[in-house]
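Welcome! Please take a look at the sequence and the 3D view shown here, and then let us walk through them together.

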Amino acid sequence: MSERKSKYFAKNLRFLRKAAGINIKGSPYSQGEIADILDVTKRSIILWESGSVPNPNNLDKVAALFSQLLNIGITGEILTEKDITDILELIPRSDFERELSGEHRKILRSLFLSAGSLDEKQLLKVIEYIDSIKDD
């Protein structure tokens, strides 16, 4: 495996571990917590975050875990081929969002991402529209 892939994976794993913890519980997951969830040793996580890439089975487990925890589509290939820290933003979930169903969170995230290109006037129109339909 190339050194570049190892560096991408290590950086992405550290980022995802922290992002998932902050989004779900308000503080980063520790290496030990992720190891327990993945049913691997803490030493494995330490090695992976230091530049070792796991075997294909564990790579798929890592991708599936963070896809589920962060509600994003991610693959083992993405984890080793791209620096996702430049693509994903760390947006902590509010207490309100934590109480929503998974489907509602998906819709809100989609709305948030879609609104990113709107100017202030357009955003105010969106808010006005939302206010008008929630009163119905």
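What follows is a tour from the overall fold to the core, then to an aromatic pair, the charged pairs and a patch on the surface.

Before we start, keep in mind that this is a predicted model. Which kinds of secondary structure does the protein chain contain? The count comes to 8 helices and 0 strands, so the pattern along the sequence reads α-α-α-α-α-α-α-α. The protein chain has 136 residues, and 34% of them count as buried. Its exposed surface is about 8800 Å², with 53% of that supplied by carbon and sulfur atoms. To get a feeling for how the chain folds back on itself, consider the contacts with a separation of 6 or more: residues 24 or more positions apart account for 58% of them.

Now let us go inside. The largest nonpolar core holds 24 residues, and the ones that touch the most other members are Leu16, Leu38, Trp48, Val62, Phe66 and Leu79. Which helices supply at least two residues of this core each? They are H1, H2 (31-38), H3 and H4 (56-70). H4 provides the largest share, with 7 residues.

Trp48 is a good place to pause within this core. Its relative accessible area is 6%, and Trp48 is therefore buried, as the limit for that word is under 20%. Leaving aside neighbours within four places in sequence, Trp48 is in contact with Phe9, Ala10, Leu13, Leu38, Val40, Val53, Pro54, Asn58 and Val62. Two of these names, Leu38 and Val62, may look familiar from the list of core residues above.

Another name in that contact list, Phe9, brings us to the aromatic rings. A search of the whole structure finds 1 aromatic pair. Phe9 and Trp48 form this pair in an edge-to-face arrangement, with 6.4 Å from centre to centre and 70° between the planes. Because Phe9 lies in helix H1 and Trp48 in helix H3 (residues 42-49), the pair ties together parts that are 39 residues apart in sequence. Phe9 is buried too, with a relative accessible area of 1%.

Let us turn to the charged side chains. Side chains of opposite charge can pair when their charged atoms come close. How many salt bridges does the model have? The count comes to 6. One of them joins the side chains of Lys7 and Glu3, at 3.3 Å from N to O. Both residues lie in helix H1 (residues 3-25), and they are 4 residues apart, about one turn of the helix. Are these two residues buried or exposed? Lys7 is exposed, with a relative accessible area of 54%, and Glu3 also counts as exposed, at 57%.

A salt bridge that spans the chain is found between Glu81 and Arg4, whose side chains meet at 3.6 Å from N to O. This pair links distant parts of the chain, since Glu81 sits in helix H5 (residues 76-81) and Arg4 in helix H1, 77 residues apart. Glu81 counts as partly exposed at 29% relative accessibility, and Arg4 is partly exposed at 47%. Arg4 and Glu81 also belong to a network of salt bridges, in which they are linked with Lys5.

Glu33 and Lys25 form a further salt bridge, at 3.1 Å from N to O. Glu33 is partly exposed, with a relative accessible area of 30%, and Lys25 is partly exposed as well, at 37%.

Our last stop is toward the end of the sequence. Leu108, Leu111, Tyr129, Ile130 and Ile133 form a nonpolar patch on the surface, and together they have about 430 Å² of accessible area. Where do these residues come from? Helix H7 (102-115) and helix H8 (120-134) each supply at least two of them, and H8 gives the most, with 3 residues. Ile133 is placed in helix H8 and is partly exposed, with a relative accessible area of 40%.

Between H7 and H8 there is a loop, and Leu118 lies in it. Leu118 is partly exposed, at a relative accessible area of 28%. Apart from neighbours within four places in sequence, Leu118 is in contact with Leu123 and Val126.

Key:
Residues numbered from 1 in each chain as written. Predicted model: local features only at pLDDT ≥ 70, side-chain atom pairs only at ≥ 80, totals over all residues. Heavy atoms only, no water. Salt bridge = Lys/Arg side-chain N within 4 Å of Asp/Glu carboxyl O. Buried < 20%, exposed > 50% of the residue type's maximum accessible area, 1.4 Å probe, protein only. Patch = residues over 30% accessible without salt bridge, like charges linked within 9 Å, V, L, I, M, F, W, Y side chains within 5 Å. Areas by Shrake-Rupley, 256 points an atom, 1.4 Å probe, with all protein chains shown as cover. Phe/Tyr/Trp six-rings, centres within 6.5 Å; stacked < 30°, edge-to-face > 60°. Contact = heavy atoms within 4.5 Å. Core = buried A, V, L, I, M, F, W, Y, C linked by side-chain atoms within 4.5 Å.
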